[in-house]
Amino acid sequence: MYLLEMQGISKRFAGVTALDNVNLYLKENEILSVLGGNGAGKSTLMKILTGNYPFDDTCSGKIILSGKEQRFSQSRDAENTGIVMIYQEINLQPDLNAAENIFMGIFPKTRLGTINYEKIIKDSKAMLESLSIHIDVTCPVRNYGASIQQLICIARALVRKPKVLVLDEPTSCLTESEAVHLLNTIRNLKSQGISSIYISHKLDEVTEIADRIMILRDAQNVSSYSKEEFNSNRIVEDMIGRKIDVLFPKIEKSLHEEILSVKDFTVEHPYAVNKNIVEGASFNVRRGEVLGLAGLVGSGRTELLKAIFGAIPKKTGKVYIDGKECVIKEPSDALKNGIGLLPEDRKKDGAILTMSIKHNMTISILKKISKFTIIKQKSETEISDEYQDALSIKTNNLNNLISSLSGGNQQKTILSKLLMAKLKILFLDEPTRGIDIGAKNEIYKIIGDLAAQGMAIVVISSELPELLEMCDRFIVLSKGQVKMELNKDEATEHRVMLACSGFDDSPDGS
């Protein structure tokens, strides 16, 4: 007997079939991984399971939990039966403290009917400590970075005592050590009788933790494998419907003269008073080079690129392009000088979700395609079509909202916006986060092609194997400072991780 069954689930959105007769089965004390490319239907299926999409005229099928059919009209209904979801996008109230976020909606009461703050603080602290997180639970969560916030979300799910825990890309904001700890936590939960549905694009995590895998493609079930049947190549082929012979395409390119030099950048910490998150960082990049910026979460990688780009203020620092100093006070100054930034959070900082795909693509060149402040629609359509073809952005209509696209196609849309501005230098902050392996392969090819054309590229990625494959040279940041510089033939996972952690394995220890 299964703990959970989803039978014949179908869902439509405005004439588009998001799920077509999908089945899911979860056993007691099992970790089931649901895999599929962006747009395959994974998130839609989970939102139906957790009551975020209620059963109505656009949704059909059955949900059976512990032998009893359920029909959820809101997420509270699912939580009350023991189904709790942890979302990829952190959904905390930033001005409330950690304890308040953890117990939001289920606050314990005193005998007088008031909120029992003493209990929520005590229980929140105990729950976080069980996850090996030791923080002040009375501080607003905006004071903590993304990794801590994600673990607060996990604690919030666990205090609801779930039977079924749904995790959507739970390690996307975590460091490698935090991710390992989370996987161990999920295994411990399994031993305590909690079954999990685990969604991730990281196949190494999935094959390590899952007891069984089910794969969706084009809104339908494709295949299912037990642990002894796991085969990475076959899983990838099932997910994307084709073979990928080489994940990281080898593109012939040559390195030219230095184009960008960054000198002595110092950036204040966004939350800690009288502390710097970047301290005296310097590096350079050549034309045609892909430079990897390695470091743990909180090392200052993102803040360094944002400060160079003018998106956040700096305390000190100079930028030289082709040997000439450039004054960059805001992003428009950076774009004028040929520097573009693909941000870490594409939905928050990269895309305007209420605008069309086409308008998101052309927003960086409005002056070029306008006359007397009126956009020339023919010019806009022509250049949009050109970049859609060049970057293989998959949509049947560029007038659709960008929010209708899969994560990988959203990323390529934002990238097209930058490329239209005719950049010389491109900063990429986590360019493949939250996108499927097929889209990653396409992004890698785009990066290689741009470098081959002479563009200088700086890449941040928390996936170290990805960074080591993509880049020609590496700068390692630790606690806001440049700890080490490595050429491709010198860089190994072990050596980079040591440097990220503040250690140096060079013979003289310098």
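## A tour from helix H4 to the aromatic pairs

Start by selecting Ile120, Ser124, Met127 and Leu128, the buried residues of helix H4. These four cover an arc of only 95° around the axis, which puts them on the same side of H4. Keep in mind as you go that this is a predicted model.

Now turn to the face of H4 that points away from the buried side: here you will find Glu118, Lys122 and Ser130, which are exposed. Next, show the whole helix, residues 117-130, and check its length. Its 14 residues should span 20 Å at 1.5 Å a residue, and the end C-alpha atoms are indeed 20 Å apart, so the two values agree. Step just past the end of H4 to Ser132, where phi is positive, at about 65°.

**Into the cores**

Select Ile135 and Ile152 next. Within the largest nonpolar core, which has 49 residues, these two touch the most other members. Helix H5 (residues 146-158) supplies the largest share of this core, with eight residues. What does Ile135 contact, leaving aside its neighbours within four places in sequence? Highlight Ala98, Leu128, Tyr144, Ile148 and Ile152 to see its partners. You have already met Leu128, as one of the buried residues of H4.

A separate core of 47 residues lies apart from this one; to find it, select Ile414, Leu423, Ile457 and Phe474, which are among its members. In soluble globular proteins, nonpolar side chains tend to be buried together.

**Aromatic pairs**

Move now to the aromatic rings, where the count comes to two pairs. For one of them, select Tyr2 and Tyr25: the ring centres are 5.1 Å apart and the planes meet at 35°, so this pair is tilted. Tyr2 sits in the segment before strand E1 and Tyr25 in strand E2 (residues 16-26), so the pair ties together parts 23 residues apart in sequence. Tyr2 is partly exposed, at 33% relative accessible area, and Tyr25 is partly exposed too, at 28%.

For the other pair, select Phe13 and Tyr53. Their ring centres lie 5.4 Å apart with the planes at 65°, which means the pair is edge-to-face. Phe13 belongs to strand E1, while Tyr53 is in the loop between helix H1 (42-49) and strand E4 (59-65), 40 residues apart. Phe13 is partly exposed at 32% relative accessibility, as is Tyr53 at 22%.

**Charges over rings**

Stay with Tyr53 and add Lys11, which lies over the face of that ring, 5.2 Å from its centre. For your last stop, select Arg71 and Phe55: the charged end of Arg71 sits over the Phe55 ring, 4.6 Å from the ring centre.

Conventions:
Residues are numbered from 1 along each chain as its sequence is written. This is a predicted model: local features need pLDDT of at least 70, side-chain atom pairs count only at pLDDT 80 or more; totals for chains, interfaces and linings use all residues. Side-chain values use heavy atoms; hydrogens and water are left out. Helices (H or I, at least four residues) and strands (E, at least two) are DSSP runs, numbered from the N terminus. The expected span of a helix is 1.5 Å times one less than its number of residues. Buried means under 20% relative accessible area, exposed over 50%, partly exposed in between (1.4 Å probe, protein chains only). The arc is that of the directions from the helix axis to the C-beta atoms. A nonpolar core is a set of buried Ala, Val, Leu, Ile, Met, Phe, Trp, Tyr and Cys residues joined through side-chain atoms within 4.5 Å. Contact means heavy atoms within 4.5 Å. Rings of Phe, Tyr and Trp (its six-membered ring) pair if their centres lie within 6.5 Å; planes under 30 degrees apart count as stacked, over 60 as edge-to-face and the rest as tilted. A charge sits over a ring if NZ of Lys or CZ of Arg is within 6 Å of the ring centre and within 35 degrees of the ring normal.
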